[in-house]
Amino acid sequence: MQPFIYNALPSRVIFGFGTLAQVAEEIRALGCSRALVLTTPHQRASGEALVAKLGELAVGLYDNATMHTPVEVTRDALGVVKSSGADCVVALGGGSTIGLGKAIALNTDLPQIVIPTTYAGSEATPIIGQTENGLKTTQRTLKVLPEVIIYDVDLTLTLPAQMTVTSGMNAIAHAVEALYSKDANPLISMLAEQGIAAIGRALPRIQLDPQDKEARSDALFGAWACGVCLGAVGMSIHHKLCHTLGGSFDLPHAETHTVVLPHATAYNADAAPEAMARIARALGVDNAAQGLFDLAASNGAPTRLADIGMEEVDLARAVEIACSSPYWNPRPIEPVAIRKLLENAFNGNRP
Ligand code: NAD
């Protein structure tokens, strides 16, 4: 066994079907009685239903959560927190809604109950990314780690087919990079392999039947496992590239992860053979990078940056940004090879 250091994060996780019914109990257990429910415009009806269900425990609904946590939206929401006298937030939605809850916690220290409805994994991390003047910055602080996570598999049944695959690949990306992280440790690596396997098994079954509750349950469990990986250990080239493409070129989050992941994995293949073997074993394939590409492609996900909003002329700038600040990666960051990686992702070449 290699030496390692592991920092466990405090969290309370409730996982099951119909667990939305437990939100009121969890608000009271936190010693709170005035919850502000957060969601997106798209999930307004679910937010309203939750407010109605909470009755006098809810002080209102803020339904303008936005991708990449723009600071203007946070300011607006903080105004509502203040005027409503909220003593906790309940975030119902994907990474965007959870990001808003974290931003509120960062500013107010209010406790958070989060109810994730995608597989992005933000709920399990002490990480917050915020956007101001078109620039996305990320920080790690325990202040934003949600106190309670309630996973209700029933809420994921409505996640559209394509979002299911891309969000699932987004989750797998956390586990892939955890396996070759510089602070990898045996516990997190075990969870990473489990997470990849659970989502890898679930995605084809969900494509066949989006209402398959067992497959949805596997996918959500996998999302938690992969989210814990993201929260526990440092990420590398893949997350750096996706951060660059999302933050500077406004590419959509989960789709970008889906397209880039097989190529980032191929980039690190020779430098991280043990991680590759574990990814391949989790997917039941011979080659990790190809297995990831095939999982996405065979389930209808986009495979080309060209198809999700990237302009070829911006590739050079993306390479420049991604190589501008030093960070750890199993294989050194080589601009020519990174350019090739992005070209492959741009064209959707199988690695
Ligand atoms: P999202 O939260 O933006 O959701 C996308 C759309 O799907 C929204 O309109 C949402 O309302 C809708 N939706 C969500 N769940 C649904 C469901 N079950 N049924 C129907 N519609 C549903 O997308 P995302 O990919 O979950 O989150 C992306 C954001 O999360 C980005 O801003 C990213 O930076 C952030 N993120 C942060 C971390 C972290 O640790 N800080 C980790 C992962 C992602």
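Start at the seam between domain 1 and domain 2, where the rule finds one salt bridge (a side-chain nitrogen of Lys or Arg within 4 Å of a carboxyl oxygen of Asp or Glu). Keep in mind that this is a predicted model, with local features needing pLDDT of at least 70 and side-chain atom pairs counting only at pLDDT 80 or more, while totals for chains, interfaces and linings use all residues. Residues are numbered from 1 along each chain as its sequence is written, and side-chain values use heavy atoms, with hydrogens and water left out.

Now select D154 and K213: they form a salt bridge, and their closest N and O atoms sit 3.1 Å apart.

Next, stay on the interface between the two domains and look for polar contacts (pairs of N or O atoms within 3.5 Å, one able to donate a hydrogen and the other to accept it; residues adjacent in sequence count only if both atoms are side-chain atoms). Eight residue pairs turn up here, both partners at pLDDT 80 or more.

Colour the strands (DSSP E runs of at least two residues, numbered from the N terminus) on the domain 1 side. β1 (12–16), β7 (135–140) and β8 (148–152) each give two or more residues to the side touching domain 2, and β7 gives the most, with three.

Zoom out and colour by domain: the automatic or database assignment gives domain 1 (12–156) and domain 2 (161–347). Their contact (heavy atoms within 4.5 Å) takes 22 residues from domain 1 and 26 from domain 2. To finish, measure between the C-alpha centres of the two domains: they lie 25 Å apart.

Notes:
Helices (H or I, at least four residues) and strands (E, at least two) are DSSP runs, numbered from the N terminus.
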